[in-house]
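Reader: I am new to this structure and would like to go through it slowly, one question at a time. Could you show it to me before we begin?

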Amino acid sequence: MPEHFDVLILGAGPAGLAAAEILARAGRTVGLVDEQAQPGGQFGRERIRQRPGRSGRKLLEWLQHRNGITYFPGHRVVDCDPHPALVTESTRGSTRLTGGALILAPGARELVLPFPGWTLPGVFCAGGLQALAKSGWPVRGRRIVLAGSGPLLVASAHTLRHEGAEILAIIEQAARGSVARFLAGLPTWPAKALQTLGYLPTWARIPYETGAFVAEALGEERLEAVRIVERGRTRIVPCDLLGTGFGLIPNVEAAARLGCVLTPTPHPSVRVDGLQATSLPGIYAAGEVTGIGGVERAQIEGAIAGYAAVGNLPKARALAPKLAHWARFGEAVNRHFALRDPLRALARPDTVICRCEDVTLGEIDSAGGQGSVKLLTRLGMGPCQGRICLAALAELRPGYGTVTGSQAARPPLFPARLGTLAGEPAPEPHP
Ligand SMILES: Cc1cc2nc3c(=O)[nH]c(=O)nc-3n(C[C@H](O)[C@H](O)[C@H](O)COP(=O)(O)OP(=O)(O)OC[C@H]3O[C@@H](n4cnc5c(N)ncnc54)[C@H](O)[C@@H]3O)c2cc1C
């Protein structure tokens with residue numbers, strides 16, 4: 001039997017939780033679905049070896065005491081329809097949840113920009129490496145280089161150092177002047193200035209090189225060193241792990257599957273109005289799925305969506321100035337840490353772009369353009385369904401952007417059991 005709620009929320013990150021709070025206070029029943037075991041999203045992820053921190057404990061208590069909220073942790077949404085309904089898969093089987101309204105808050109993922117050697121074991125996304133370390137993967141004593149762009153590199157360095165790693169360097173591609181202008185503007189957002197101050201002990205101890213990038217990951221069986229280019233000079237730095245961060249891109253697949261209008265940009269986001277309403281009636285979107293802008297912006301958007309879903313439009317509209325203030329922070333990050341062209345020219349003809357289907361850049365280039373590339377190479381047709389390679393190609397070969405599946409996502413949104421799609425219960429575990 002499907003379970004029905006006044007409002008369904010996809011994603012228990014800052015945006016989804018802010019919406020859930022407003023809805024619960026207004027007496028609505030809420031189905032809050034997230035594939036992670038703990039609430040809090042990417043930002044609220046806590047170290048597994050610690051006792052739950054204050055924010056995590058508060059969140060859990062808060063969810064448990066709100067009678068109107070039914071929380072579905074460990075439930076991945078693998079399909080949806082605009083009625084609205086969510087089909088989820090968990091270790092306990094599949095569930096179909098329906099709602100009077102739906103708030104999409106699935107956040108964002110890291111952009112992967114392929115370069116020679118990026119598929120070697122030991123090369124990670126910077127945020128992914130941070131998440132692994134928080135979940136208990138041992139990094140103590142490992143020599144790590146972090147490279148790419150933006151504040152996430154520093155946040156990752158902070159966590160990894162805390163877990164005992166030796167951070168050899170942060171290699172920031174943005175120019176020194178750009179980083180300096182970003183820092184000079186931070187007092188406009190005191191919470192962010194404070195967060196940055198918290199990272200200072202890490203920052204002060206690690207070489208932070210601007211205007212530089214990792215051009216190649218080197219090694220036979222696994223990563224042994226990286227080749228760093230700085231103002232035309234090249235040097236080799238031996239290391240155990242490399243974390244790369246080139247920014248975030250919105251998770252629009254569920255919205256695309258529903259048929260919501262997306263922005264016509266290389267990395268689309270969900271188009272919303274001032275009340276976070278999408279192009280479809282009763283469906284709202286909040287947080288980084290509508291554009292990359294940080295935790296505070298995500299929370300405000302979640303609150304606006306919550307108020308809009310209960311019909312409290314004055315409260316929703318009253319948050320517009322606060323949202324504009326935090327939207328400017330997101331714009332500042334995007335402007336000062338915009339990727340520079342040399343990064344888009346690192347991949348060679350033999351560099352693998354689609355690692356699910358083992359497709360190189362040379363094969364893509366010789367497949368003769370956007371119409372035929374998917375048919376001839378199977379690019380984007382593996383388990384990740386283009387989440388990594390099509391987003392990368394939008395950077396490396398902008399003209400091929402229309403091959404991206406995100407404007408017309410098909411089910412399942414993630415690899416799923418056949419039984420899930422048929423609505424069957426999960427198989428019994430083997431004795
Ligand atoms: C890897 C990574 C690391 C980051 N580290 C930092 C940091 O150290 N400091 C900082 O200030 N900011 C960090 N950020 C940015 C910050 O996390 C975001 O600004 C903020 O979390 C956005 O909130 P959100 O609610 O929009 O999305 P999120 O926090 O991403 O929450 C979205 C939630 O939706 C769930 N979800 C998505 N798809 C599905 C699905 N199909 N089924 C079920 N559940 C789903 C996810 O599990 C997630 O819990 C990081 C972002 C990323 C991607």
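**The ligand and one sheet**

Author: In this predicted model, an oxygen atom of the ligand lies 3.3 Å from a polar backbone atom of Val-295. Of the accessible area that the ligand has on its own, 980 Å², the protein covers 92%.

Reader: How far is an oxygen atom of the ligand from a polar backbone atom of Glu-288?

Author: Glu-288 is among the residues that come nearest to the ligand, a group that also includes Ala-15 and Asp-34. Between an oxygen atom of the ligand and a polar backbone atom of Glu-288, the distance is 2.8 Å.

Reader: From which domains does the shell around the ligand draw at least three residues each?

Author: Several elements supply at least two residues of the shell each, among them helix H1 (14-25), helix H4 (151-162) and helix H8 (295-309). By residue type, the shell divides into 14 nonpolar, twelve polar and five charged residues. The domains that each provide at least three residues are domain 1 (3-108 + 249-311) and domain 2 (112-246).

Reader: In the open sheet S12-S13-S14, which strands stand at the edges?

Author: The three strands of this open sheet follow the order S12-S13-S14, with antiparallel pairing. An edge strand has a single partner strand, so one side of it is left without a neighbour in the sheet, and this holds for strand S12 (212-218) and strand S14 (233-238).

Reader: Which residue in S14 is the bridge partner of Arg-227?

Author: Strand S13 (residues 225-230) runs antiparallel to S14, and six bridges join the two. The partner of Arg-227 in S14 is Ile-236.

Notes:
Residues numbered from 1 in each chain as written. Predicted model: local features only at pLDDT ≥ 70, side-chain atom pairs only at ≥ 80, totals over all residues. Heavy atoms only, no water. Near = heavy atom within 4 Å. Polar contact = N/O pair within 3.5 Å; in protein donor to acceptor, adjacent residues only side chain to side chain. Areas by Shrake-Rupley, 256 points an atom, 1.4 Å probe, with all protein chains shown as cover. Helix = DSSP H or I, 4+ residues; strand = E, 2+ residues; numbered from the N terminus. Nonpolar A, V, L, I, M, F, W, Y, C, P; charged D, E, K, R; others polar. Domains from an automatic or database assignment. Pairing = 2+ DSSP bridges.
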